[in-house]
Amino acid sequence: MPFPEKNKKNAKVLVIGASGQVGSSIVRTLNAKKNYKIFKASSAPQKDFYLVDLTRPDTVSKAFSKINPDLVFLCGAFTNVETCQAQQEKAYILNAGGPRIVGRLCAECRAKVIFFSTEYVFDGKNGPYSEEDEPNPISIYGKSKLEGEKSLANVKGALIIRTTVVYNYDIKSKNFLMQVLNKAERGEKMRVPLDQYSNPTWAVELAKFSVELAERKKEGIYNVVGSQIMSRYDFALEICRSFGLRNNFLQAVPTELLGQKARRPLRAGLKTDKIFREFGRRLLPPAIALPKINKTYGNIV
Ligand SMILES: NC(=O)c1ccc[n+]([C@@H]2O[C@H](COP(=O)([O-])OP(=O)(O)OC[C@H]3O[C@@H](n4cnc5c(N)ncnc54)[C@H](OP(=O)(O)O)[C@@H]3O)[C@@H](O)[C@H]2O)c1
């Protein structure tokens, strides 16, 4: 039986990519619940972390045999869309090979795997997309993540969470909120695409919904994203509004003028009806989440 039948109390949870934006939010959420034994993993040797390098299957197997987890959050990935385009082999090794190895090991030890995927599995011609829509990725990042999803299709209990534009206040992160705040602080101009539409997603809520989905034994694909679809430029404006910043450093530009190597899904976004049907609630839109973030961190700006 997959989690949580196995070791319901004090389940052992391995978080791969625990230092990243999503992984660290998952760790915080699990910590707050107090009924999990948490094992953080990183591809770099460091204190308090198990070594799990998805490009080195031996490190993954070793961690699994030491921990024998009940639940595995797979947040480790090659996440830079532009660099993935330039380093295709590495993108597939990490984003497709990683889930394959982790899925196999989870099946062997009957652990539940929760894999984080992306709206970039779609081409962005006619979004927003539901969990049932046919993917058609247009970048190496999107293609490699879709391969990762497919490699978990036959793993019992596997949960695939598609998300996008994840943000939180996190000085270590280069998430879009931090990019806007940093540019504003330095007084630098920032070019922001006006034609890329998707749902900005607060990392704190993403983590809470993800843990709840796992606890409720959900499996298959779930879109876990903020409830509002907006252009990246409108998101930047909302950040300025919520943080009391002037917005004259923002320059709205079409994506084609940004000179990006990887194509972006433009009319993208993910539908949140499935999560609403099953949870009776959706994740917050930026206009509500951003002021909460500002307040939590003591009026950042
Ligand atoms: N952030 C978003 O907007 C967004 C949107 C859609 C989907 N996602 C998905 O959500 C997941 C987490 O994203 P994130 O935003 O947290 O990314 P992130 O902040 O870039 O973190 C990625 C993590 O991957 C780990 N990692 C890198 N190379 C690794 C390797 N060889 N083996 C094992 N782990 C490795 C890194 O930790 P170490 O260097 O310590 O190993 C890091 O913690 C990813 O699967 C991503 O595709 C994110």
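Reader: At what angle do helix 1 and helix 7 pack, and how far apart are their axes?

Author: Helix 1 and helix 7 pack at an angle of about 60°, with their axes 8 Å apart; an axis here is a line fitted to C-alpha atoms, for helices over the stretch in contact, and angles run from 0 to 180 degrees between N-to-C directions. The model is a predicted one, in which local features need pLDDT of at least 70 and side-chain atom pairs count only at pLDDT 80 or more, while totals for chains, interfaces and linings use all residues. Residues are numbered from 1 along each chain as its sequence is written. Helices (H or I, at least four residues) and strands (E, at least two) are DSSP runs numbered from the N terminus.

Reader: Why is helix 1 called oblique to helix 7?

Author: Angles under 35 degrees count as roughly parallel, over 145 as roughly antiparallel, 65 to 115 as roughly perpendicular and the rest as oblique. The angle of about 60° falls in none of the named ranges, which makes helix 1 oblique to helix 7. The crossing of helix 1 and helix 7 is right-handed, a term used if the near helix is turned clockwise from the far one by less than a right angle, whereas anticlockwise would make it left-handed.

Reader: Which residues make the contact between helix 1 and helix 7?

Author: Helix 1 contributes Gln21, Val22, Ser25, Ile26, Arg28, Thr29 and Leu30, and helix 7 contributes Ala203, Val204, Leu206, Ala207, Lys208, Ser210 and Val211, a contact being two residues whose C-beta atoms, placed from the backbone, lie within 7 Å. By class, the residues of this contact are eight nonpolar, four polar and two charged; Ala, Val, Leu, Ile, Met, Phe, Trp, Tyr, Cys and Pro count as nonpolar, Asp, Glu, Lys and Arg as charged, and the others, Gly among them, as polar.

Reader: What makes alanine 203 count as buried?

Author: A residue is buried if 20 or more other C-beta atoms lie within 10 Å of its own, exposed if 12 or fewer, and partly exposed in between, with C-beta atoms placed from the backbone. Alanine 203 has 27 C-beta neighbours inside 10 Å and therefore counts as buried. Alanine 203 belongs to helix 7 (residues 203–215), and its C-alpha atom is 6.4 Å from that of serine 25, although the two are 178 residues apart along the chain. Leaving aside residues up to four places away in sequence, alanine 203 touches Gln21, Val22, Ser25, Val166, Tyr167 and Asn168.

Reader: Is glutamate 215 buried, partly exposed or exposed, and why?

Author: Glutamate 215, which is also found in helix 7, has 16 C-beta neighbours inside 10 Å and so counts as partly exposed. Its C-alpha atom is 30 Å from that of phenylalanine 176, with their positions 39 residues apart in sequence.

Reader: How do you know that helix 2 and helix 4 are roughly parallel?

Author: Helix 2 (residues 57–67) and helix 4 (residues 88–109) pack at an angle of about 25°, with their axes 10 Å apart, and that angle makes helix 2 roughly parallel to helix 4. Their crossing is right-handed. The contact is formed by Pro57, Val60, Ser61 and Phe64 of helix 2 with Ile101, Val102, Leu105 and Cys109 of helix 4; seven of these residues are nonpolar, one is polar and none is charged.

Reader: What makes strand 3 and strand 11 edge strands?

Author: Seven strands form an open sheet in the order 3-2-1-4-5-6-11, with parallel pairing, where two strands pair if DSSP finds at least two bridges between them. Strand 3 (50–51) and strand 11 (220–223) each have a single partner strand, so one side of each lacks a neighbour in the sheet. Strand 1 (residues 11–16) and strand 4 (residues 71–74) pair in the parallel sense over four bridges, and five bridges join strand 5 to strand 6, which also run parallel.

Reader: Why is strand 6 described as largely enclosed?

Author: Five of the five residues of strand 6 are buried, so the rest of the structure largely encloses this strand. Leu159, Ile161 and Thr163 point one way from strand 6, and Ile160 and Arg162 the other way. Helix 5 (residues 140–151) lies across strand 5 and strand 6 (159–163), running at about 160° to strand 5.
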